[in-house]
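Me: Please take a close look at the largest pocket of this predicted model. Which residues line it, and how does the strand arrangement around it look?

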Amino acid sequence: MRHIRWGTCALAALLALTTMSAAPAVARHGHHNLPHQIDLPNGWQPEGITTDGKFLYSGSLADGAIFRADARTGHGRVLATGATGRVAAGLDYDRRRDVLWVVGGPTGEIRAQDADNGKVLATYEFPSASPRFLNDVVVTRHAVFATDSFNQELAVIPLKSGGSRHLPAASAATTLPLTGDVVFQDGFNLNGIVESHHMLISVQSNTGLLFLIDENTGDSTTIDLGGASVAGGDGLELDGRLLYVGRNQGEVDAFQLNRSLTSGHLVATITDPTFDVPTTVALARHSLYVINARFGTPPTPDTPYWITRVDALK
């Protein structure tokens, strides 16, 4: 296993997930033409991030606004202004439709927003008798899947087959119960989610387990990590069979998965002096762009927030 340390350059429930720990770092940083830190607007309260390869998109927990930054230069602007009562937790870019799928945390909704101007194109509601927290989202060829950290099911929006770029009707929203190995407990359960070969991978934050989920049946199988834990695991990013796990404890762990995705081993732990409760991760330009949610810092309108760029593994 490599331990990689890179160079210098709101939710109270989420804070309860982990105990923060600072890691020392030594000066080392590549891709000097790319920014090491991209500032978000003060008071932003970020949690999720996604990319179309050129731009980075970050949502605001405070009011659901969307910020877009150029991954090469770091220059950015607010793409979509927020609204009272709106939340943007996880988000994922849909290349086929050129939209952002944005999950609304405790609001229990998923929005489809134009990736060019941020306009809300459709809203999908997932009513429930118990509280929801739609946390992260992945779009596949056949559906949009979002984790619900409080309920043992996925929020699902089926997409039309045959290459259709049209958004489904609001009535298409449904849920997929999760069975098999995953067992929900108190606190935040499933969080980050990615897809590979019609299978979903998700992390259970409070238990430190990774699960492989059949996207058709909801059956889940624990991924054998050889005893490694990803407690406080948040966002996931998959590069082939290399899985990056953003952890609220101040690091991003990288696991090499086997061909069947049923097991993996830790190959690197990435830390950085600018990490401050890293949550979600996006891969672009051979770099990892990491959101710093700063859940341990009381949010105010003047609180600074930023994205950290570190080199991806080769």
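**The largest pocket and strand β7**

Reply: The largest pocket holds about 630 Å³ of space. Its lining is made up of 28 residues, and those closest to the centre are T50, D92, Y93, V138 and V139. By type, the lining divides into 13 nonpolar, 5 polar and 10 charged residues.

Several strands contribute to this lining. At least two residues each come from β3 (46-51), β7, β11 (134-139), β16 (190-196), β20 (233-239) and β24 (278-284).

Of these strands, β7 can be followed into its sheet. This is an open sheet of 4 strands, in the order β7-β8-β9-β10, and the pairing is antiparallel. β7 (91-94) and β10 (120-125) are the edge strands; each has a single partner strand, so one side of each lacks a neighbour in the sheet. From one strand to the next, the twist averages 20 degrees. In general, strands of a sheet pair through backbone hydrogen bonds, in either a parallel or an antiparallel way.

The partner of β7 is β8 (residues 99-103), and the two pair in the antiparallel sense over 4 bridges. Within this pairing, L91 stands opposite V102 in β8.

As for the chain as a whole, the predicted model has 1 helix and 26 strands. Of its 314 residues, 57% count as buried. The accessible surface comes to about 12,600 Å², and carbon and sulfur atoms account for 50% of that surface.

Technical notes. Residues are numbered from 1 along each chain as its sequence is written. This is a predicted model: local features need pLDDT of at least 70, side-chain atom pairs count only at pLDDT 80 or more; totals for chains, interfaces and linings use all residues. Side-chain values use heavy atoms; hydrogens and water are left out. Buried means under 20% relative accessible area, exposed over 50%, partly exposed in between (1.4 Å probe, protein chains only). Accessible areas come from the Shrake-Rupley method with a 1.4 Å probe; for residues, only the protein chains shown count as cover. Two strands pair if DSSP finds at least two bridges between them. Axes are lines fitted to C-alpha atoms, for helices over the stretch in contact, and angles run from 0 to 180 degrees between N-to-C directions. On a 1 Å grid over the protein atoms alone, a cavity is a set of points where a 1.4 Å probe fits but cannot get out, and a pocket is an open set with protein on both sides within 12 Å along at least five of seven lines; lining residues have an atom within 4 Å of a point. Grid points are joined across faces, edges and corners, and a volume is the space filled by probe spheres set on the points. Ala, Val, Leu, Ile, Met, Phe, Trp, Tyr, Cys and Pro count as nonpolar, Asp, Glu, Lys and Arg as charged, and the others, Gly among them, as polar.
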